[in-house]
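Please read the report that follows alongside the sequence and the coordinates. It takes the aromatic residues as its starting point and then turns to the helices and strands.

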Amino acid sequence: MNSTDAENIGRWMEQNDRLARLLGMRLESVEPGQCRVSMDVTGDMLNAVGLTHGGATYSLADFAFAVASNSHGTVAVALTTQMSYPAASRQGDRLVAEARENNCGSKTGLYTIEVKTQTGRLVGLFSGTVFRRGEPIADWMNGGSSES
């Protein structure tokens with residue numbers, strides 16, 4: 001996959017991931033095996049004590065994970081993930097998730113995603129492993145596949 005193909009895959013995912021759209025996630029950049037995604041924290045994303053809900057931060061990291069791992073053109077699905085929250089973010093913060101590929105095998109891949117505020121404070125550290133299903137993501141992009 002080249003950068004243009006990875007960009008096309010990322011843009012398709014940005015348009016077709018309903019949760020990413022609902023939360024206002026924006027794909028800022030994508031290259032094979034890496035990407036940057038951002039999201040503004042709104043009042044609807046807060047927990048009971050006024051901090052960004054861990055699920056919102058996780059969702060941003062998970063979407064970056066999905067884009068980075070699928071950017072090679074083969075459908076990749078999560079096998080396992082882990083998330084740590086070293087600091088909190090709040091309403092009005094702009095969160096940026098940067099995904100990078102640590103290992104890209106033919107069947108699995110390992111990724112790390114850092115989520116930071118606009119000031120660079122680390123608020124989430126995500127790691128995940130994917131399974132590569134062996135089917136081209138282009139089949140999904142062309143509307144030809146469905147989950148059975």
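## Aromatic cluster

Tyr58, Phe65, Tyr111 and Phe126 are joined into a cluster by ring pairs. The model is a predicted one, and the structure holds three aromatic pairs. One of them is formed by phenylalanine 65 and tyrosine 111, whose rings meet edge-to-face, at 5.9 Å centre to centre and with 65° between the planes. This pair links distant parts of the chain, since phenylalanine 65 belongs to helix 3 and tyrosine 111 to strand 5, 46 residues apart. Phenylalanine 65 is buried, at a relative accessible area of 2%, and tyrosine 111 is likewise buried, at 0%.

Phenylalanine 65 also pairs with phenylalanine 126: the ring centres are 5.2 Å apart and the planes stand at 55°, an angle that lies between the limits of 30 and 60 degrees, so the pair counts as tilted. Here too distant parts of the chain are linked, with phenylalanine 65 in helix 3 and phenylalanine 126 in strand 6 (residues 122-136), 61 residues apart. Both phenylalanine 65 and phenylalanine 126 are buried.

## Helix 3

The helix that carries phenylalanine 65 has 17 residues, and 13 of these are buried, so helix 3 is largely enclosed by the rest of the structure. At 1.5 Å a residue, helix 3 should span 24 Å, and its end C-alpha atoms are indeed 24 Å apart, which agrees.

## Helix 1

How far should the 14 residues of helix 1 span at 1.5 Å a residue? The expected span is 20 Å, and the end C-alpha atoms of helix 1 (residues 3-16) are 20 Å apart, in agreement with it. At the N-terminal end, asparagine 2 acts as a cap, with a side-chain oxygen 3.0 Å from the backbone nitrogen of threonine 4.

The buried residues of helix 1 are Ala6, Ile9, Gly10, Met13 and Glu14. Seen down the helix axis, the buried residues fall within an arc of 135°, so they line one face of helix 1. They pack against helix 2 (18-22), strand 1 (26-31), helix 3 (54-70) and helix 4 (137-141). The face turned away from this buried side carries Thr4 and Gln15, which are exposed; the residue whose backbone nitrogen faces the cap, threonine 4, is thus named here as well.

## Paired strands

Strand 4 (residues 94-104) has pairing partners in strand 2 and strand 5. With strand 2 (residues 34-40), strand 4 pairs in the antiparallel sense over seven bridges, and among the bridge partners are cysteine 35 and, in strand 4, alanine 99. With strand 5 (residues 108-116), strand 4 again pairs in the antiparallel sense, over eight bridges, and arginine 100 stands opposite threonine 112 in strand 5. Strand 4 and strand 5 together form a hairpin, with three residues between them. Strand 5 is also the element that holds tyrosine 111 of the aromatic cluster.

## Leucine 79

Is leucine 79, placed in strand 3 (residues 74-84), buried or exposed? Leucine 79 is exposed, because its relative accessible area is 54%, and the cut-off for this term is over 50%. If neighbours within four places in sequence are left aside, leucine 79 is in contact with Thr108, Thr129, Val130 and Phe131. Glycine 92, in turn, is 13 residues from leucine 79 in sequence, while the two lie 33 Å apart in space, C-alpha to C-alpha.

Methods:
Residues are numbered from 1 along each chain as its sequence is written. This is a predicted model: local features need pLDDT of at least 70, side-chain atom pairs count only at pLDDT 80 or more; totals for chains, interfaces and linings use all residues. Side-chain values use heavy atoms; hydrogens and water are left out. Two strands pair if DSSP finds at least two bridges between them. Helices (H or I, at least four residues) and strands (E, at least two) are DSSP runs, numbered from the N terminus. The expected span of a helix is 1.5 Å times one less than its number of residues. Buried means under 20% relative accessible area, exposed over 50%, partly exposed in between (1.4 Å probe, protein chains only). The arc is that of the directions from the helix axis to the C-beta atoms. Contact means heavy atoms within 4.5 Å. A polar contact is a pair of N or O atoms within 3.5 Å; within protein, one must be able to donate a hydrogen and the other to accept it, and residues adjacent in sequence count only if both atoms are side-chain atoms. Rings of Phe, Tyr and Trp (its six-membered ring) pair if their centres lie within 6.5 Å; planes under 30 degrees apart count as stacked, over 60 as edge-to-face and the rest as tilted.
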